[in-house]
Structure formats: structure tokens, C-alpha cells
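User: I'm new to reading protein models and would like a close look at one part of this one. Could you walk me through it in plain words?

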Amino acid sequence: MVSIRVPKSQRAKRELLKHAPKLVETGKKTLILHGTKTSAVLNSVLADLFHLKRDNAVKFSKKNDNIRPFESGGETSLEFFSLKTDCSLVVYGSHSKKRPNNLVLGRTYDHHIYDLVEVGVENYKSIESYVYDKKLAPKLGSKPFFAFIGEHFESVEELKHLKEVLLDLFRGEVVENLNLAGVDRIFVCTAISPTTVYMMHCALRLKRSGTSIPRMELVEVGPSMDLVVRRHRLPVESLKKEAMKTADHAKKMKNVTKDPVQGKLGKVYIPDQQIVKMSLTNDIKGLKRERREAKKNKDHSKKQKINPE
């Protein structure tokens, strides 16, 4: 039997929350799914994406019907799978005559669709097609560099949105400090046109430069592909406002503490009283009281002398 403490008041509830263990957010997990119909190229793309994120990803091998992310009600199954697998990033692949080699990249908030970007995959080269020294292969879980080349990433709304989604998809766990010696790969994204981005994955090779800073060389290790933006859906303003909320940090009040029983406690500092320098007069109430008591005692002693027992 495990006893559960149920707070009976708001003060007790706040106190339990204050002493509760802090939740640490880990890296975002990615859910990779197949649509009703996929092509050989798209299967290879999904397999390579899972290989790059295999330490923090879930891949479904079965085909999934009734998933239409951009249609009303078509995202229900996607949100259910996101909740079931606890994934906040979604990669959905499908293939049709109208939209061949179609890839949908999405983010969720509270397991509801937050935003979506739909791209078409062209000129794809898989990881297996690259020949290089396997010692240069990026290590599992390493943090990547990102390079976004082209002015369209700042001026075109679709590419700005795609840039945000790609950063969320591949950056992994957010850390405060980073050892540069452990950074061994980079994603280079080049905006060829307002709708097309060439993305390639490279390993970093450190070489001597004659100085303390080594010279870096890029070795293409794959995959690489052209991403042609087709459709995108920005987050609803109310949902975006909710997702951007941050915890309010209350200002620390000096000399004020909180106690679960006595509530808020404060310390008041009073300067030392300079009693030596204080001027004393005969009109002090304390002296008058002493005189009255002395007179009363004197009268009482006289009466005892007059009326001896």
C-alpha cells in the first residue's frame, strides 16, 4: 500500500508543489510514420531520418490510413499516436500522383497539432550511397551545427517556418554548456529558390592549422536532398500564446521567509538604542509609580506600629 498525501488547503497544495521534485525536460522525441502509400525513395528517407535520430525517435513500420494532417479532423490519429508514444515531433511520409514523395514535418503542443510544413523530396541520396572513412561517422547523440545559407530564410515566410521546424527536429536536447571537441557533424541548408532548399549532412574533420584553433573540413556523409515547400500551416494565435508561456519568477523579498505552519515570516532590524545618551527627567511614569509604592509601604508600616497584634 502506498499512501497518497492529498492537500486539504491551497497553502498545503502550494507547499507540496514547492517541495516536489523538479521536472527536467529531455530532448524532444520524434514519431516517424508511413502513409497509405509510399515510394521506395520515401521509405529510404524515413529510414535515414530514423537512423539520424534513433536515440530519440519512434518509427512505425505499418501503413496508417485516415491521416490527413492538413484536413479538418484528419489529424486525430496523428495526435493519438503522439500521445501514445509521448512524441512532440512528427514526420509523416506519403506518396501520390498529385504529391509524389511527400513529407510532412510537424510539431505538437500538449499532443495537439501545433504547426505543419509539407515538402516534396527530390534528388535524394541515401547514407549508403556515400563512401567515406567510417571513423568520421558522427557519434550517436552528438550535437550538430547548423548552417542556413541564403537570404530567402529571412525574407520568405515558408522558408522561415521550415527553418524553425528543421532546428527543432535535429537539435536534440537543449544544453547550457557544450564541449566543441564533441561536435562532429553539421547540417548545411542552402536556399536555392524561394521554395527549394538543398539540405546535406556532413561530418566535421579537424586538421592542423598551425594555431590553437584547428581547421575544419566538411566530409559529406549523407543523406542529402532537395526539399520543395508545398504547403505549411502556422500555429493558431491562441495556441501559440499558450505554448510560449514561461514560469513567473517571483521577486525575492529580503528578510522574508515562508513557513508551512506560521505562514509568512519577516525579520525587522532595529538599530541599537543609545541609552547612555538619553536624557532622564523626574517626570518619568516609572519613577512616579515607584514613589507611590514606597509611600504606600511606609504608611502600611506605620499602621502596624500603631496597632500591634
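User: Is Lys 264 buried or exposed?

Analyst: Let's start there and then work outwards. Keep in mind that this is a predicted model. Lys 264 has a relative accessible area of 56%, so it is exposed; the cut-off for that word is over 50%. You'll find Lys 264 in strand S11, which covers residues 263-266. Lys 264 also has company: together with Arg 11, Arg 14 and Lys 258, it forms a positive surface patch.

Now for charges that pair up. Side chains of opposite charge can pair when their charged atoms come close. In this model the count comes to ten salt bridges. Let's go through some of them.

Take Glu 118 and Arg 231. Their side chains meet in a salt bridge, with 2.9 Å from N to O. Glu 118 sits in strand S5 and Arg 231 in strand S9 (residues 215-233), so this pair ties together parts that are 113 residues apart in sequence. The two partners also have their own levels of cover. Glu 118 counts as buried because its relative accessibility is 2%, while Arg 231, at 31%, counts as partly exposed.

Strand S9 comes up again with Glu 217. The side chains of Lys 207 and Glu 217 meet in a salt bridge, 3.5 Å from N to O. Lys 207 belongs to strand S8 (residues 196-207) and Glu 217 to strand S9, so here the parts tied together are ten residues apart in sequence. Glu 217 also forms a salt bridge with Arg 215, where the closest N and O atoms are 3.0 Å apart. How covered are these three? Lys 207 is partly exposed at 31% relative accessibility, Glu 217 is partly exposed with a relative accessible area of 24%, and Arg 215 is partly exposed at 41%.

Salt bridges can link up into networks too. One such network joins Lys 28, Arg 107, Asp 115, Glu 164, Asp 168 and Arg 171.

Next, have a look at the loop between strands S5 and S6. Strand S5 spans 112-125 and strand S6 spans 145-149, and Val 131 lies in the loop between them. Val 131 counts as exposed, because its relative accessibility is 82%. It's a nice case of sequence and space telling separate stories: Val 131 and Val 221 are 90 residues apart in sequence, yet their C-alpha atoms are 7.6 Å apart in space.

Ser 126 lies in that loop between S5 and S6 as well. With a relative accessible area of 17%, Ser 126 is buried, since the cut-off for buried is under 20%. Leaving out residues up to four places away in sequence, Ser 126 touches Ser 44, Asp 48 and Pro 223.

For one more buried residue, go to Thr 30 in strand S1, which runs over residues 30-34. Thr 30 has a relative accessibility of 1%, so it counts as buried. What is Thr 30 in contact with, leaving aside its neighbours within four places in sequence? Its contacts are Lys 53, Asn 56, Ala 57, Val 58, Cys 87, Leu 89, Val 91 and Leu 169.

To come back to where you began: Lys 264 is exposed, and it shares its positive surface patch with Arg 11, Arg 14 and Lys 258.

Definitions and conventions:
Residues numbered from 1 in each chain as written. Predicted model: local features only at pLDDT ≥ 70, side-chain atom pairs only at ≥ 80, totals over all residues. Heavy atoms only, no water. Helix = DSSP H or I, 4+ residues; strand = E, 2+ residues; numbered from the N terminus. Buried < 20%, exposed > 50% of the residue type's maximum accessible area, 1.4 Å probe, protein only. Contact = heavy atoms within 4.5 Å. Patch = residues over 30% accessible without salt bridge, like charges linked within 9 Å, V, L, I, M, F, W, Y side chains within 5 Å. Areas by Shrake-Rupley, 256 points an atom, 1.4 Å probe, with all protein chains shown as cover. Salt bridge = Lys/Arg side-chain N within 4 Å of Asp/Glu carboxyl O. Lys, Arg positive; Asp, Glu negative; His and termini not counted. Charge placed at Lys NZ, Arg CZ, Asp CG, Glu CD.
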